[in-house]
Amino acid sequence: MVSAQQVEFNRAQPDVYGDAHPKALLRAIQEDGDRLHCLENKHIISVDHLDRDVLIQLFRLAAKYESNPARFSSPLSGKILISAFYEPSTRTRLSFESAWHRLGGDIMSITDRSSTGIAKGESLQDVAEMFNNYGDCVVLRDTSVESIEEMIHSLRIPIINAGNGIDEHPTQAMSDLYTIFKWRPSLLLPDSEAFSPIKIGVIGVPSQMRTVRSLLKMFTHFPRIVDEIFLLYDESVEDAVSSEQLAQLEEAGVKVSIGHDMNAVLPELDVVYINSIAWVGESFETYGKSFKLSTDSPFKPDAIVLHPLARGEELCTSLDATPHNWYFSQARGAVFLRQALLTCMVQRASTVMDVI
């Protein structure tokens, strides 16, 4: 039974551990809003299509929104987002919709393909043609890898890939890196005395996990911040990472080591990124049941843990009340990162540039 004390809550309590104020990140980046204009006529399909300098300016705009969220309430007034999620989602869908609403826009949301013309056999090309008439931007999540490619040929409004099967999830990777830069803004200041490349442990299966694949691609845009990436997965998994992805990392100058003993490398890691769930077809698969993080894990004292969520047994709740917990801040910051991206894609960036 719920007690009288339990129905009260404390607004003064911080939202999350690891909730670093983004003003340090703001100070680390000089505003150059002109770089964001290239997003006005661009689909966001893959991390490969992104540009380092554009990403840095997106992170700055996200930090501006997060520093003073009440200051920006109308940049998307009069704009309509089509939120089409044909695969289950909590954080991604709600963070996109929260981002759009917070900036004054309106939303049409689809959460079940059985309630649409797709259930009658309508093609995604025809759906895209209709979307042109109804909204200003589309966010799509679908179980099929080919879904985005099928739609973009008919679209005359921008689309964001919010997860296409096991392929990619670019805005998750953006949010991941935004979190890392909030944690250590000096990574964006390579000429400063405080700059020090970090060691990153990525626990997951890139060939099956779109979050892991997109994150590794993201580091190819920022190779100087990486001292080494330790890619950890269960040795029983075959073809866990493609030779193409390893070659892409190597070509970018990112050092990658592959291993299967997580606890052996944890004491060296500055950032630990863990995931265990991969969406396959109409269901999901769980990998790496031998990998579990808890307060008993041998972390560096100042190491942070990231997780795209939803979590399973691999991430113990005992870490929630520790300074290692940056995964809640990661989820929270995704709203502001997506605010920044959406603002640019619907040609409203100029309304928030130079605003303090």
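**Exercise 1.** In this predicted model, classify Asp32 as buried, partly exposed or exposed.

*Solution.* Start with the cut-offs: buried means under 20% relative accessible area, and exposed means over 50%. Asp32 has a relative accessible area of 30%. Asp32 is therefore partly exposed.

**Exercise 2.** Which side chain meets Asp32 in a salt bridge at 3.2 Å, and how exposed is that partner?

*Solution.* Look for a side-chain nitrogen of Lys or Arg within 4 Å of a carboxyl oxygen. The partner is Arg35, with an N to O distance of 3.2 Å. Now check its surface. Arg35 has a relative accessible area of 38%, so Arg35 is partly exposed. Next, widen the view. Asp32 and Arg35 belong to a network of salt bridges that also includes Arg52 and Asp53.

**Exercise 3.** Locate the salt bridge between Arg141 and Glu87, and state whether these residues are buried or exposed.

*Solution.* The closest N and O atoms of Arg141 and Glu87 are 4.0 Å apart. Arg141 sits in strand β3 (residues 137-142), while Glu87 sits in the loop between β1 (80-85) and α3 (91-102). The pair therefore ties together parts 54 residues apart in sequence. Both Arg141 and Glu87 are buried.

**Exercise 4.** Find what the salt bridge between Arg184 and Asp302 ties together.

*Solution.* Arg184 and Asp302 have their closest N and O atoms 4.0 Å apart. Arg184 is in the loop between α6 (170-183) and β5 (198-203). Asp302 is in the loop between β10 (283-286) and β11 (304-306). So the pair joins parts 118 residues apart in sequence. Asp302 is partly exposed, at 42% relative accessible area.

**Exercise 5.** How many salt bridges does the model hold?

*Solution.* Apply the 4 Å cut-off. The count comes to 18 salt bridges.

Methods. Residues numbered from 1 in each chain as written. Predicted model: local features only at pLDDT ≥ 70, side-chain atom pairs only at ≥ 80, totals over all residues. Heavy atoms only, no water. Buried < 20%, exposed > 50% of the residue type's maximum accessible area, 1.4 Å probe, protein only. Helix = DSSP H or I, 4+ residues; strand = E, 2+ residues; numbered from the N terminus.
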